[in-house]
Amino acid sequence: MVDLKIRSWVKSFTWRIIGVFILLPLTYVFTGNWESAGGVTLSFNIIRMLLYYVHERAWEHISWGRGEKKGKTLFYVTLMLLILSYVLVIIVGLGFGH
């Protein structure tokens, strides 16, 4: 079974949405400016989305590591990473006093 290209694009897009929610407040902590934070975040995530798509399509041709799915679902792993990222942003933000 092979993933369709649209699946790779949707995965790339949804992953970058998570990236925006992490990078935007973090960039604001360092710049103190929402316009600058937005520009950096938007540019970074567009580039990353395109690179992730190419990376994902390349891996589609590699059979190494494929097998039956076991353990936690992707949803719970992603949720935990998002929560941990926000905790880190809050900690860093408190350290910079913005």
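Guide: A residue counts as buried when its relative accessible area is under 20%. It counts as exposed when that area is over 50%, and as partly exposed in between. This model is predicted. By that cut-off, 20% of the 98 residues of the protein count as buried.

Visitor: What makes up the protein, in helices and strands?

Guide: It has 3 helices and 0 strands. Read along the sequence, the pattern is α-α-α.

Visitor: How much area does the protein expose, and what share do carbon and sulfur atoms supply?

Guide: The exposed area is about 7700 Å². Carbon and sulfur atoms supply 73% of that area.

Visitor: Let us start with helix H1. How do you know that its length agrees with its number of residues?

Guide: H1 has 27 residues. At 1.5 Å a residue, the expected span is 39 Å. The C-alpha atoms at the two ends are 37 Å apart, so the two values agree.

Visitor: What follows H1?

Guide: Gly-32 does, and its phi is positive, near 70 degrees.

Visitor: Why is Ser-12 called buried?

Guide: Ser-12 sits in H1, which runs over residues 5–31. The relative accessibility of Ser-12 is 0%. The limit for buried is under 20%. Ser-12 is below that limit, so it counts as buried.

Visitor: Which residues touch Ser-12, leaving aside neighbours within four places in sequence?

Guide: Met-49, Tyr-52 and Tyr-53 are in contact with Ser-12. Of these, Met-49 and Tyr-53 are among the buried residues of H2.

Visitor: Which other residues of H1 are buried?

Guide: Ser-8, Arg-16, Ile-18, Gly-19, Leu-23, Thr-27 and Val-29 join Ser-12 in that list.

Visitor: Why does Val-29 count as buried?

Guide: Val-29 also lies in H1. Its relative accessible area is 8%. That is under 20%, so Val-29 is buried. Val-29 and Val-92 are 63 residues apart in sequence, yet their C-alpha atoms are 7.7 Å apart in space.

Visitor: Is Arg-7, in the same helix, buried, exposed or in between?

Guide: Arg-7 belongs to H1. Its relative accessibility is 45%. That value falls between 20% and 50%, so Arg-7 is partly exposed. Its C-alpha is 9.8 Å from that of Glu-56, which is 49 residues away along the chain.

Visitor: What makes Asp-3 partly exposed?

Guide: Asp-3 is in the segment before H1. Its relative accessible area is 22%. Buried would need a value under 20%, and exposed one over 50%. Asp-3 meets neither limit, so it is partly exposed.

Visitor: What does Asp-3 touch, not counting residues up to four places away in sequence?

Guide: Asp-3 touches Lys-11, Glu-56, Arg-57 and Glu-60. Asp-3 and Glu-56 are 53 residues apart in sequence, with 9.6 Å from C-alpha to C-alpha.

Visitor: What share of the contacts join residues at least 24 apart?

Guide: Among contacts between residues at least 6 apart in sequence, the share is 72%.

Visitor: On to H2. How far does it reach from its first C-alpha to its last?

Guide: H2 has 26 residues and reaches 36 Å. At 1.5 Å a residue, 38 Å is expected, and the reach is close to that.

Visitor: Which residues of H2 are buried?

Guide: Ala-37, Thr-41, Asn-45, Met-49, Tyr-53, Glu-56 and Arg-57 are. What covers them includes H1.

Visitor: Which helices each supply at least two residues to the lining of the second largest pocket?

Guide: H1, H2 (34–59) and H3 (74–96) do. H1 gives the most, with 6 residues. The volume of this pocket is about 170 Å³.

Visitor: Which residues line the second largest pocket?

Guide: The lining includes Trp-15, Arg-16, Ile-18, Gly-19, Ile-22 and Leu-23. Also in the lining are Phe-44, Asn-45, Thr-78, Leu-81, Leu-82 and Ser-85.

Visitor: How do the lining residues divide into nonpolar, polar and charged?

Guide: There are 7 nonpolar, 4 polar and 1 charged. Arg counts as charged, and Arg-16 is in the lining. Gly counts as polar, and Gly-19 is there too.

Terms used:
Residues numbered from 1 in each chain as written. Predicted model: local features only at pLDDT ≥ 70, side-chain atom pairs only at ≥ 80, totals over all residues. Heavy atoms only, no water. Helix = DSSP H or I, 4+ residues; strand = E, 2+ residues; numbered from the N terminus. Buried < 20%, exposed > 50% of the residue type's maximum accessible area, 1.4 Å probe, protein only. Contact = heavy atoms within 4.5 Å. Expected span 1.5 Å × (residues − 1). 1 Å grid on protein atoms, 1.4 Å probe; cavity = no way out; pocket = protein on both sides within 12 Å on 5 of 7 lines; lining within 4 Å. Points joined across faces, edges and corners; volume = space filled by probe spheres on them. Areas by Shrake-Rupley, 256 points an atom, 1.4 Å probe, with all protein chains shown as cover.
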